[in-house]
Amino acid sequence: MKKIIYAVLICVIIAGIVIIATLGLNADIIYSKNVQIDVYIGKIVDIKDIESIAREVFPGERIIVQEIELFQDMVSITISDNRTEEELNTKIEELNTKINEKYELENSVDDISVTHNPKIKLSSLIMPYALTIGISMIIILVFVGIRYKKLGVLKTLVTYILSIGAVEMILLSIIAITRLPINRFVIPVGLLLLIVIITILGFKNEKKLTTVSVEENKK
């Protein structure tokens with residue numbers, strides 16, 4: 001059974017590597033090339049109403065709607081930047097019309113701010129954590145090497161490194177295969193898995209260490 005599970009996991013990792021190499025990862029709209037449309041409404045609005053209007057104007061695509069003013073009278077609508085300037089202007093006019101009808105306004109398109117944001121490198125999401133994670137891993141491995149010296153330093157360290165690497169690769173492969181968008185939750189999930197695998201390995205090694213100590217005491 002273990003062999004089958006390992007074989008499946010290896011296939012998942014290989015498939016993930018192939019997809020990442022050919023298609024890359026699917027970035028969330030915030031990290032992709034996008035258009036930010038800022039609309040000043042001048043009165044308190046329900047963000048769900050604005051989102052509903054935005055989905056009518058931009059059907060079938062990922063949309064993020066946020067309040068950007070303390071008084072809840074201005075919203076930001078973020079969409080993918082996959083239209084020509086003429087198509088975008090037409091959509092913005094439609095959006096402005098629908099918002100005016102909903103809130104009985106007379107705003108013009110000129111009152112709407114449009115910002116084109118470039119694609120953000122996904123590596124920039126990892127870099128702020130790289131140094132901290134690197135230092136933490138070195139400290140953990142040093143502790144592991146000292147704590148479980150009786151179990152074999154090299155063997156124990158290799159087990160930790162391969163286990164952590166395999167789990168993170170499986171996570172990345174699943175994200176790549178399912179085309180889940182890379183967003184701000186990916187790093188926390190990866191860190192959580194890191195903590196879980198280190199904890200599991202710690203429990204297993206403590207059990208082995210206890211067994212070794214008992215056998216030494218018998219001798």
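This report walks through a predicted model, from its domains to its strands, helices, cores and a few single residues.

## Two domains

The domain assignment splits the protein in two. Domain 1 takes residues 2-26 together with 121-218. Domain 2 takes residues 34-117. The C-alpha centres of domain 1 and domain 2 lie 43 Å apart.

One pair of residues gives another view of distance. Leu 191 and Val 114 are 77 residues apart along the chain, and their C-alpha atoms are separated by 36 Å. Leu 191 lies in helix α6, which runs over residues 186-218. Leu 191 has 28% relative accessibility, so it counts as partly exposed.

## Strand β1 and its partners

Start with strand β1, residues 34-40. How many of its 7 residues are buried? The count is 5, so β1 is mostly covered, given that buried means under 20% relative accessible area.

Strand β1 pairs with strand β3, residues 74-80, through 7 bridges. These two strands run antiparallel. One bridge links Val 35 to its partner Ile 79 in β3. Strand β1 also pairs with strand β4, residues 113-117, through 5 bridges. This pair is antiparallel too. Here Asn 34 has Asn 117 in β4 as its bridge partner.

Now look at Thr 78, which lies in strand β3. Is Thr 78 buried or exposed? Its relative accessibility is 4%, so Thr 78 counts as buried. Leaving out residues up to four places away in sequence, Thr 78 touches several others, including Asn 34, Val 35 and Gln 36. Ile 29, Ile 30, Arg 62, Ile 63 and Ile 64 are also among the residues that Thr 78 touches.

## Helix α3 and its two sides

Helix α3 covers residues 85-103. Its span can be checked against the expected value, as can that of helix α5, residues 153-178.

| Helix | Number of residues | Span between end C-alpha atoms | Expected span |
|---|---|---|---|
| α3 | 19 residues | 27 Å | 27 Å |
| α5 | 26 residues | 38 Å | 38 Å |

For α3, the span is close to the expected one. For α5, the two values agree.

Which residues of α3 are buried? They are Leu 88, Ile 92, Leu 95, Asn 96, Ile 99, Asn 100 and Tyr 103. These residues cover an arc of only 130 degrees around the axis, so they sit on the same side of α3. On the other side of α3, Glu 86 and Glu 101 are exposed. The cover over the buried residues of α3 includes β1, α2 (47-57), β3 and β4.

Helix α5 has buried residues as well. They are Thr 156, Tyr 160, Ile 164, Ile 170, Leu 171, Ser 173, Ile 175 and Ala 176.

## The nonpolar cores

The largest nonpolar core has 22 residues. Among its members, Ile 37, Ile 41 and Ile 77 touch the most other members. β1, α2, β3 and α3 each supply at least two residues of this core. Which element gives the most? Helix α3 does, with 5 residues.

Ile 37 is worth a closer look. Leaving aside neighbours within four places in sequence, Ile 37 is in contact with Phe 58, Val 75, Ser 76, Ile 77, Ile 79, Ile 92, Leu 95, Ile 112 and Ser 113.

Another core lies apart from the largest one. This other core has 11 residues, including Tyr 148, Leu 194, Ile 197 and Ile 198.

## Two residues with positive phi

Two residues that follow helices deserve a final stop. Glu 104 comes just after α3. Glu 104 has a positive phi of about 55 degrees, although it is not a glycine. Glu 104 is found in the loop between α3 and β4. Is Glu 104 buried or exposed? Glu 104 is exposed, because its relative accessible area is 72%.

Arg 179 comes just after α5. Arg 179 has a positive phi of about 60 degrees, and it is not a glycine either. Where is Arg 179 found? Arg 179 is in the loop between α5 and α6. With 29% relative accessibility, Arg 179 counts as partly exposed.

Methods
Residues are numbered from 1 along each chain as its sequence is written. This is a predicted model: local features need pLDDT of at least 70, side-chain atom pairs count only at pLDDT 80 or more; totals for chains, interfaces and linings use all residues. Side-chain values use heavy atoms; hydrogens and water are left out. Buried means under 20% relative accessible area, exposed over 50%, partly exposed in between (1.4 Å probe, protein chains only). Helices (H or I, at least four residues) and strands (E, at least two) are DSSP runs, numbered from the N terminus. Two strands pair if DSSP finds at least two bridges between them. The expected span of a helix is 1.5 Å times one less than its number of residues. The arc is that of the directions from the helix axis to the C-beta atoms. Contact means heavy atoms within 4.5 Å. Domain bounds come from an automatic or database domain assignment. A nonpolar core is a set of buried Ala, Val, Leu, Ile, Met, Phe, Trp, Tyr and Cys residues joined through side-chain atoms within 4.5 Å.
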